[in-house]
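Visitor: I have a model open in front of me, and I would like to know how its labels are earned. Could you walk me through them?

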Amino acid sequence: MKHLNKSLLGAIGLGLGLQTVADAAQTPNFYECTGRHVSLTLVVGSQAEVGILPTQTTLNLQLGEKSYRFQESDIVTESTLIGDLWEVVLEHIPDLHIKHASVVIPSVSLGESPVTFKSQLILTTVNTPFIPTPFEGVVNPSKYIDVACTASMVYF
């Protein structure tokens, strides 16, 4: 019986230890990035109950004087080796160009405090001119803006 109690206490202690480790490492749901004349906020939704975590993914972007707000249906996400690529369309003028904003968010595992990292906001213009002669020049020029980001867990 004494041996059983020690085993039971050991299993409970191990279980509590595993629970503490599981609670300590969590995936962030809030990212805030700033750079020169740029501010980006990404809230990753979970389709969970309202009041605990955000239900819908949103991306807010400030480029100089212009502000943009995107909902989940307007955001394209793709997993890559260096992290998740989040992309939105800023402007679409048919037969002229499409302007995109993209940012790579690396995989982050949170402990008890927020995690900081560096990334880049990529502003790309895809030229789509409707002209009788072939387009000459760079079809999709990009501008890269360094951003400093913070990843954290926010409860709503």
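Guide: Let's start at the hairpin of strand 6 and strand 7, where three residues sit between the strands and aspartate 95 takes a positive phi near 65°. Keep in mind as we go that this is a predicted model.

Visitor: What makes strand 6 and strand 7 a pair?

Guide: Pairing asks for at least two bridges, and nine bridges join strand 6 to strand 7 (residues 97-105), so the two count as paired, in the antiparallel sense. One place to look is histidine 92, whose bridge partner in strand 7 is isoleucine 98.

Visitor: How do you know that strand 5 and strand 6 pair?

Guide: The cut-off of at least two bridges applies again. Strand 5 (residues 76-80) and strand 6 (residues 83-93) have five bridges and run antiparallel, so they pair. Threonine 80 stands opposite glycine 83 in strand 6, and the hairpin joining strand 5 to strand 6 goes through two residues.

Visitor: Why is the link between cysteine 33 and cysteine 149 called a disulfide?

Guide: The sulfur atoms must lie within 2.5 Å. For cysteine 33 and cysteine 149 the S to S distance is 2.1 Å, so the label fits. This disulfide links distant parts of the chain: cysteine 33 belongs to strand 1 (residues 30-35) and cysteine 149 to strand 9 (residues 142-152), 116 residues apart. Both cysteines, 33 and 149, are buried. The link is right-handed, with 110° about the S-S bond.

Visitor: Why is the pair of tyrosine 31 and phenylalanine 117 called edge-to-face?

Guide: Ring centres have to lie within 6.5 Å, and planes over 60 degrees apart count as edge-to-face. Tyrosine 31 and phenylalanine 117 have ring centres 6.5 Å apart and planes at 75°, so the pair is edge-to-face. Tyrosine 31 in strand 1 and phenylalanine 117 in strand 8 are 86 residues apart, and both are buried.

Visitor: And what makes tyrosine 68 and phenylalanine 70 stacked?

Guide: Stacked needs planes under 30 degrees apart. The planes of tyrosine 68 and phenylalanine 70 are at 10°, with 6.1 Å centre to centre, so this aromatic pair is stacked.

Visitor: Why is phenylalanine 70 called buried, and why does phenylalanine 130 count as exposed?

Guide: Buried means under 20% relative accessible area and exposed means over 50%. Phenylalanine 70 has 8%, so it is buried. Phenylalanine 130 has 70% relative accessibility, so it counts as exposed. You will find phenylalanine 130 in the loop between strand 8 (115-127) and strand 9.

Notes
Residues are numbered from 1 along each chain as its sequence is written. This is a predicted model: local features need pLDDT of at least 70, side-chain atom pairs count only at pLDDT 80 or more; totals for chains, interfaces and linings use all residues. Side-chain values use heavy atoms; hydrogens and water are left out. Helices (H or I, at least four residues) and strands (E, at least two) are DSSP runs, numbered from the N terminus. Buried means under 20% relative accessible area, exposed over 50%, partly exposed in between (1.4 Å probe, protein chains only). Rings of Phe, Tyr and Trp (its six-membered ring) pair if their centres lie within 6.5 Å; planes under 30 degrees apart count as stacked, over 60 as edge-to-face and the rest as tilted.
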